[in-house]
Amino acid sequence: MSIPAFGVGTFRLQGQAAVDSVRNALDVGYRAIDTAQIYENEAEVGQAMAESGVPRGDLFVTTKIWVSHYARDKLAPSLKDSLARLRTDYVDLTLIHWPAPGNGVPVEETMTALAEAKAQGLTRQIGISNFPIAETRAAIAAVGRDQIATNQIELSPYLQNAALTAFLKEQGIPVTSYMTLAYGKVLKDPVIGRIAQRHDATPAQVALAWALQLGYAVIPSSTRRENLASNLLARQLRLTESDMAEIAALERNGREVSPEGLAAAWD
């Protein structure tokens, strides 16, 4: 993969909580950080990175372009603003946050502008987020599939997105899973709990290990240092074929995030 398999997310983290979460994550060993313009915490992420003492070259920073900046004349300037907030000359990955059909800017224009931002050195890689198959095809048509470093999508044991993940695999586009714990719902699932007991692991580690074994990158978040450290241990957990089959059976199309006007028609 051209992207790290394990990073820390910052969705819904504001102010000092965002600074502390990222600082703690970097302290316990994370080197990939995921943020977005709409999270309104890029400045806090930048502060945490600066205060951590970790060399910029050791970090992998992802941000996402918000809908209001999709037009060709707005995208690169908005990304430059993000870089200023993040206190860096470049980000490692920039994603289009949502397809936002009907917002007046075609996918082709936005992806072309994103590719131009890459050519300017503002971002090292580009990609998409929350793109179903049809919109992913449009993105591929605009810039080529080899240019798309990932499609970051909601995935959890309750939402396994078989059609989309199969298409992305066929296209050679890596998948990043967000909301892998389904807002914590899977942590209370009895099947996940039994698997965790068998492996002397936590339910969060099981869910994250499931995603990792399917070849997805993960970006869990937490405000608690001990949870950040514990989640990292999912990288060492190997689930059995039986475990994976049990988790596969939990599919229920349990989507948590589908904002009107931003989401396209799901597969």
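A residue is called buried when its relative accessible area is under 20%. The legends below use the word in that sense and describe a predicted model.

**Figure 1. Strand β3 and its two faces.** Strand β3 spans residues 60-65. In a regular strand, side chains alternate between the two faces of the sheet. On β3, one face carries Phe60, Thr62 and Lys64, while Val61, Thr63 and Ile65 point the other way. Residues of both sets are buried. Because six of the six residues of β3 are buried, the strand is largely enclosed by the rest of the structure.

**Figure 2. Strand β2 beside β3.** Strand β2 (residues 32-34) lies parallel to β3, and three bridges pair the two. One position to locate in this view is Ala32, which stands opposite Phe60 in β3. Between the two strands, the chain passes through helix α2 (residues 42-52), and this β-α-β crossover is right-handed.

**Figure 3. Strand β4 beside β3.** The pairing of β3 with β4 is also parallel and comprises four bridges. Thr63 faces Thr94 in β4, and Lys64 stands opposite Leu95 in β4. Helix α3 (residues 72-86) joins with β3 and β4 to make a right-handed β-α-β unit. Strand β4 itself covers residues 91-96; six of its six residues are buried, so β4 is largely enclosed by the rest of the structure.

**Figure 4. Strand β5 beside β4.** Strand β5 (residues 123-129) runs parallel to β4, to which five bridges join it. Leu95 has Gly127 of β5 as its bridge partner. The connection from β4 to β5 leads through helix α4 (residues 107-119), in a β-α-β crossover that is right-handed. Leu95 may thus be found in two views, as it stands opposite Lys64 and is bridged to Gly127.

**Figure 5. The largest pocket.** This pocket has a volume of about 830 Å³. It is lined by 38 residues, of which Phe11, Met179, Tyr183, Pro220 and Ser221 are the closest to its centre. At least two lining residues come from each of β7 (175-178), α8 (203-213) and α9 (225-232). Helix α9 supplies the largest share, three residues. By class, the lining consists of 19 nonpolar, 16 polar and three charged residues.

**Figure 6. The second largest pocket.** The volume of the second largest pocket is about 260 Å³. Its lining is formed by 13 residues, and the closest to the centre are Thr165, Lys169, Val175, Leu214 and Tyr216. Helix α6 (residues 162-171) gives the most to this lining, with five residues. Nine of the lining residues are nonpolar, three are polar and one is charged.

How values were computed. Residues numbered from 1 in each chain as written. Predicted model: local features only at pLDDT ≥ 70, side-chain atom pairs only at ≥ 80, totals over all residues. Heavy atoms only, no water. 1 Å grid on protein atoms, 1.4 Å probe; cavity = no way out; pocket = protein on both sides within 12 Å on 5 of 7 lines; lining within 4 Å. Points joined across faces, edges and corners; volume = space filled by probe spheres on them. Nonpolar A, V, L, I, M, F, W, Y, C, P; charged D, E, K, R; others polar. Buried < 20%, exposed > 50% of the residue type's maximum accessible area, 1.4 Å probe, protein only. Pairing = 2+ DSSP bridges. Right-handed = clockwise from strand over helix to strand, strands pointing away.
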